[in-house]
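Below are notes on the model you sent, set out as numbered points. They begin with the ligand site and then move to the parts of the chain that deserve a second look.

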Amino acid sequence: MTISPWIATWAGLVPAGAAVLDLAAGNGRHTRFFAERGHPVTAIDRDVSGLVAADTVEVIAADLEDGSPWPLAGRTFGAVVVTNYLHRPLFPHLFAALQPGGVLLYETFMVGNERFGKPSNPDFLLKDGELLELVRGRFSVIAYEARMISEPKMAMVQRIAARLSS
Ligand SMILES: C[S@@+](CC[C@H](N)C(=O)[O-])C[C@H]1O[C@@H](n2cnc3c(N)ncnc32)[C@H](O)[C@@H]1O
């Protein structure tokens, strides 16, 4: 599966060798991408059948929405990567999981996507400007987009690359 162009574009912001958290990692396309770039990666998903643990890849099976305690309590990373996944109660954990100067790379569907298909449930769609609003005052925003894309399919997405203030 191809890497998200957004992640590929902004991966260079992640400090060399910094630990990366790939949240809701799916089949691990970004886990592998960052591991190949020399980062230790922690990949977490409730379905880890598509993830392969290795010396520099830690795989954690966890349901992130069932009310269980945050599985990475006390751990911090140089980057948090989230693509095509949204569960709003996790945002405080994601921010707390970033080291000062750490990089947030987030990309997922936003309102307007319902005209192209799923996800169409508002719970899974970012509101207009939501990512910007979430990082305001805490992060330095390096790049932000809210737009229609045509690859890998027509969709409305919102995406951000931001660095946590030191
Ligand atoms: C659309 S996929 C995106 C995967 C990956 N981030 C990517 O972009 O290739 C959504 C992922 O969220 C995971 N997921 C959905 N609900 C979850 C939950 N409650 N706890 C943990 N992972 C969950 C799914 O298993 C799936 O791998």
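1. Ligand surroundings. In this predicted model, 13 residues lie around the ligand, and A24, R29, D45, L64 and T83 come nearest. The space that the ligand takes up is the second largest pocket.

2. Polar contacts of the ligand. A polar backbone atom of A24 is 2.7 Å from a nitrogen atom of the ligand. R29 contributes a polar side-chain atom, which lies 2.7 Å from an oxygen atom of the ligand. For R46, a backbone N or O atom is found 3.2 Å from a ligand nitrogen atom. Taken alone, the ligand exposes 600 Å², and the protein buries 79% of that.

3. A24. This residue belongs to the loop between β1 and α2. Its relative accessible area is 16%, so A24 is buried, the cut-off being under 20%. Please check its backbone: phi of A24 is near 55°, which is positive in a residue other than glycine. Most residues other than glycine have a negative phi. A24 is also among the residues that come nearest to the ligand.

4. N84. A second positive phi outside glycine occurs at N84, again near 55°. N84 sits in the loop between β4 and α3 (91-96). How accessible is N84? Its relative accessibility is 41%, so N84 counts as partly exposed.

5. Helix α2. This helix covers residues 29-36, and its buried residues are R29, H30, T31, F33 and F34. Residues three or four places apart in an α-helix point the same way, because there are 3.6 residues a turn. Which elements do the buried residues of α2 pack against? They pack against α1 (5-10), β1 (20-23), β2 (41-45), β3 (57-61), β4 (77-83) and β5. R29, one of the buried residues of the helix, also places a polar side-chain atom 2.7 Å from a ligand oxygen atom. After α2 comes G38, with a positive phi near 95°.

6. T42. Strand β2 contains T42, which is buried because its relative accessibility is 4%. Leaving out residues up to four places away in sequence, T42 touches V20, L21, D22, E58, I60, L72, R75 and F77. The pair T42 and R75 is 33 residues apart along the chain, with 11 Å between the C-alpha atoms. The side chains of T42 and R75 are nevertheless joined by a polar contact of 3.3 Å.

7. N113. The loop between β5 (98-109) and α4 (130-135) holds N113. Buried or exposed? N113 counts as buried, because its relative accessibility is 0%. Its side chain reaches the backbone nitrogen of M156 at 3.0 Å. Apart from neighbours within four places in sequence, N113 is in contact with K118, P119, L125, M154, A155 and M156.

8. F116. This residue is placed in the loop between β5 and α4, as N113 is. With a relative accessibility of 27%, F116 counts as partly exposed, whereas N113 at 0% counts as buried. Not counting residues up to four places away in sequence, F116 touches M148, M154, A155 and M156. M154, A155 and M156 also appear among the contacts of N113. The C-alpha atoms of F116 and K153 are 8.8 Å apart, with the two positions 37 residues apart in sequence numbering.

9. Cis peptide bonds. Most peptide bonds are trans. The bond from K118 to P119 is cis, with omega near 0°. P119 lies in the loop between β5 and α4, and both K118 and P119 are in contact with N113. Another cis peptide bond joins E151 and P152, where omega is about 0°. The place of P152 is the loop between β6 (139-149) and β7 (155-164).

Notes
Residues numbered from 1 in each chain as written. Predicted model: local features only at pLDDT ≥ 70, side-chain atom pairs only at ≥ 80, totals over all residues. Heavy atoms only, no water. Helix = DSSP H or I, 4+ residues; strand = E, 2+ residues; numbered from the N terminus. Buried < 20%, exposed > 50% of the residue type's maximum accessible area, 1.4 Å probe, protein only. Polar contact = N/O pair within 3.5 Å; in protein donor to acceptor, adjacent residues only side chain to side chain. Contact = heavy atoms within 4.5 Å. Near = heavy atom within 4 Å. Areas by Shrake-Rupley, 256 points an atom, 1.4 Å probe, with all protein chains shown as cover. 1 Å grid on protein atoms, 1.4 Å probe; cavity = no way out; pocket = protein on both sides within 12 Å on 5 of 7 lines; lining within 4 Å. Sits in = over half its atoms within 2 Å of the grid points.
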